[in-house]
Amino acid sequence: MDQTVPTSGRNPPSSDDVPTAPTSSALRFSTFDPSDHRLQIINDDKLFSPIVAEYMKKHWCLADKGFDYNVVAVFGSQSTGKSTLLNRLFGTNFDVMNESTGRQQTTKGIWVSKADSHNTLVLDVEGTDGGERFEDQDFERKSALFSLAISEVVIVNIYENNIGLYNGANLGLLKTVLDVNLQLFQQAGSPKTCLHFVIRDFTAQTPLERLQATIMGYLEKIWDSLAKPAAKANCSIHDFFVFNITGLPHKIFARDAFESSVSKLRVRFSDKSAPDYVFTPDLHKRVPADGFGAFANSIWDRISLSKELDLPTQTQLLAVHRCDEIAREVFDEKFIGSAEELRVVDGGRVLENFGVIANNVVDECLARFDEAGSRYNEAVFKRKHAEFFKRMSTYLLPMYHQQLANVARMCLDTFTKSVASNLAAEAESGATLNFSRVAQAATTTGEATFREYSSASRLKNAEDWTPDVQFGQLVAEMDKISSEKRKEAIDKMCTGVEKLAVAALQEAVVGRLNDTTNTVGMWKDIIHSLRDAMNLSEVQIEKKGSGFEGSPDELKAWKATLKWQIWVGLLDSLKKETSDDAMLARLKGIFESKFRYDDKGVPRLWNLDDPIDIFYSSSVEDAEKALNVYAKMDFPLKLIGEDILEDQRFDPLCVSIIPAHRLQSIRDRFKKEANVMYVEAKRSMVVTTARIPPWFFALTLILGWNELMMVLFNPVYFALLAIFAGGFYISWQYGLIGPIYKVVKATLSEVGSQAVHELKKNGVDVPAFFGGDIDNEDKETKIKRRGTNRDRESRRTRSEKSESSQSFEMEERQG
């Protein structure tokens with residue numbers, strides 16, 4: 001045991017010099033206070049705080065520190081300056097006594113806070129021997145044992161003039177605590193606890209070593225008097241405890257010396273490099289920081305259940321027995337039957353007046369319990385009243401949870417229908433869809449409805465009746481449904497924009513592909529149309545997507561998806577428009593526009609002087625050049641856009657629109673069609689050039705000059721010629737040549753038939769008269785005529801094949 005050695009340290013908080021009045025601790029016991037780091041871990045009703053873990057995480061920031069923290073507590077008589085000492089040593093703000101208002105109890109229960117500069121939890125324990133509790137020493141014993149069990153260091157605050165006194169030095173209480181601690185918590189090999197005696201108002205008239213010897217003598221005498229278990233019979237007090245002692249001068253009359261000694265002592269608690277550092281590794285309880293709350297709670301529960309510390313009176317025993325009997329009778333006879341009305345919630349029904357029924361039942365049962373039990377010990381009665389209420393609350397709690405589950409299901413159904421109906425209404429109105437507003441409105445309504453039902457269904461003063469779990473599940477389900485509906489709406493929006501952009505692109509692409517008069521720059525025009533469609537989709541997405549409140553990453557993903565779909569739509573359109581039949585039709589159109597029509601679009605009439613072979617070759621060449629243009633996209637790939645090129649699905653080979661095998665097939669089919677048109681052109685050339693030569697008209701004029709003059713100078717002949725010429729002209733103008741020819745032919749045929757009939761009627765052998773069988777002759781003539789026609793057709797076919805083969809040979813030579 002060493003006296004505090006001189007060393008430098010930070011100045012203590014000056015706020016401790018000003019006494020503060022005790023503050024209300026009710027809220028700091030069960031409700032998180034963001035403005036105060038103090039927590040009443042055990043209140044004056046001996047209840048353990050349920051929010052220790054929350055303070056460890058939010059206020060003290062120790063939950064993730066593992067074993068890197070320490071625990072210190074103070075123990076001593078009331079009004080001996082324990083809180084002041086802790087504030088000076090650790091920078092805490094525990095309430096201290098206001099001496100001007102009288103000496104009274106300041107600390108109630110056990111308070112805990114964190115040191116301001118290091119990871120140390122500081123416990124301020126209610127003082128012993130206080131007049132407020134009179135002869136009730138139950139809490140004194142339990143709080144002292146609790147501090148000893150969970151702390152690495154227990155500061156025993158004692159006045160110098162009380163050393164040597166049994167009660168004044170709390171030796172009787174210390175004996176009880178050491179005895180129970182040895183039975184409940186101390187095991188062989190368990191961490192030791194440091195008892196650090198701080199001698200207040202130390203004058204140094206009695207050397208500190210003599211005071212140390214006196215204290216140790218008392219402690220060893222107490223240890224020897226304890227009834228130790230067999231396994232610990234030979235253990236020394238030093239096997240379980242480490243002892244230190246420090247003297248502090250008077251706080252008022254030796255202020256400077258007091259402050260200096262406190263500063264030195266502070267270093268021993270805060271500076272790990274100090275040679276006399278108090279928190280040595282062998283003192284640590286090896287409890288992780290995130291488990292401290294549960295550890296301390298279990299220690300307090302065990303202490304609370306210890307019979308060695310709980311010494312009830314006969315009055316208390318009687319009160320316990322009778323209150324238990326009364327509670328059991330009321331519970332079995334009244335409560336169980338009345339609570340059955342709430343069972344309807346098990347069938348999935350929402351009970352509108354659940355809270356009213358539950359509170360009425362509990363209030364009636366409590367009233368019956370209070371009427372009979374209030375005559376017994378007040379403390380026991382209050383405790384049993386709370387226990388009876390807790391029993392009924394626990395019984396009804398599953399029904400409350402089922403009621404909340406039914407309410408959550410009802411709110412979820414309402415939410416789903418509301419979102420669907422409001423989205424449909426906005427779609428019908430034609431306005432820009434604002435999904436976020438619709439979903440938020442439905443969510444707000446659902447949450448408000450749930451809170452209203454949960455509040456109305458709650459049992460008064462039942463702290464564990466909380467709707468947090470069901471509310472969290474409801475919110476999660478609404479978020480899930482909202483996400484699903486949002487995804488459906490986004491998909492629908494993207495599909496609509498995609499259809500709009502792809503339709504505009506396909507119209508532009510088809511028009512450009514069909515413009516066979518100019519294939520130069522065709523692919524750049526198509527890619528420009530693609531970029532236009534993509535830009536259109538971006539504008540539409542930004543406009544329509546604003547109602548979804550999408551993040552920049554989401555908006556980017558939507559645009560990228562649409563661009564890819566538009567690109568796929570372009571490829572599909574190109575695949576359809578470059579089918580074999582479509583390409584063959586385009587090539588024929590190109591060939592015909594060059595071969596059959598001149599530069600002005602006038603149809604050609606071929607004659608022998610026209611270079612038909614040159615026109616044919618040029619037209620075929622233009623068509624094949626166009627085919628090569630259609631076969632592959634010819635433009636810099638960067639024009640497509642980085643979004644498409646960087647997509648893993650992009651295939652560089654997709655720029656080849658028509659593969660080689662199809663290209664050859666289309667070319668072969670086109671050449672066959674072109675050859676047919678070439679042969680027809682050749683044939684038309686023969687027809688247009690087969691006319692009477694000019695010299696024949698000159699010869700006719702010379703040989704028939706006399707006859708011509710006779711007709712011209714003879715009035716009769718000239719008149720007849722004029723009549724025939726005028727009639728022929730009129731017939732020609734009105735298209736009567738054909739009908740007149742048919743009428744004359746039919747007339748002559750009928751005259752011949754009538755003549756033959758009359759000859760036969762008069763007994764003339766017509767065949768013999770004409771020197772043969774007319775019918776046979778007609779048959780032979782017909783047969784000969786048919787044979788002549790067949791020969792003529794055969795020669796024509798051979799001529800066409802010969803011309804076709806010559807054309808192919810000429811193309812091959814040119815190739």
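**Notes on the helix packing and the sheet**

1. Let's start with a crossing: helix 3 goes past helix 7 in the right-handed sense. Keep in mind that this is a predicted model. Helix 3 covers residues 82-90 and helix 7 covers residues 255-270; their axes lie 8 Å apart and the packing angle is about 60°. That angle makes helix 3 oblique to helix 7.

2. Who touches whom here? On the helix 3 side, the contact uses Arg88, Leu89 and Phe90. Helix 7 answers with Arg255, Phe258, Glu259, Val262, Leu265, Arg266 and Phe269. Sorted by class, this contact of helix 3 with helix 7 has six nonpolar and four charged residues, with no polar ones.

3. Now the sheet. It is open, built from seven strands in the order 1-3-4-2-5-6-7, and its pairing is mixed. The edges belong to strand 1 (39-42) and strand 7 (241-247); each has a single partner strand, so one side of each has no neighbour in the sheet. From one strand to the next, the twist averages 25°.

4. Further in, take strand 2 (residues 70-76) and strand 4 (residues 120-125): they pair in the parallel sense, over five bridges. If you want a register point to check by eye, Asn70 sits opposite Thr120 in strand 4. Helix 3 turns up again here, as it packs on the sheet and touches strand 2, strand 4, strand 5 (153-159) and strand 6 (193-200). The direction of helix 3 makes about 165° with that of strand 4.

5. The other helix pair to look at is helix 13 (residues 468-514) with helix 14 (residues 522-544), packed at about 160° with axes 9 Å apart. At that angle, helix 13 counts as roughly antiparallel to helix 14. Helix 13 also passes helix 14 in a right-handed crossing.

6. For that second pair, the contact residues of helix 13 include Met493, Val497, Leu500, Leu505 and Arg512. Among those from helix 14 are Met522, Asp525, Ile526, Leu530, Leu536 and Lys544. By class, the contact of helix 13 with helix 14 splits into 15 nonpolar, three polar and three charged residues.

7. Finally, the whole chain. Its secondary structure adds up to 25 helices and seven strands. Of the 815 residues in the protein, 40% are buried. How many of the contacts between residues at least 6 apart in sequence join residues at least 24 apart? The share is 75%.

Terms used. Residues numbered from 1 in each chain as written. Predicted model: local features only at pLDDT ≥ 70, side-chain atom pairs only at ≥ 80, totals over all residues. Heavy atoms only, no water. Axes fitted to C-alpha atoms, helices over the stretch in contact; angles between N-to-C directions. Helix = DSSP H or I, 4+ residues; strand = E, 2+ residues; numbered from the N terminus. Parallel < 35°, antiparallel > 145°, perpendicular 65-115°, else oblique. Left-handed = near helix turned anticlockwise from the far one by under 90°. Contact = heavy atoms within 4.5 Å. Nonpolar A, V, L, I, M, F, W, Y, C, P; charged D, E, K, R; others polar. Pairing = 2+ DSSP bridges. Buried < 20%, exposed > 50% of the residue type's maximum accessible area, 1.4 Å probe, protein only.
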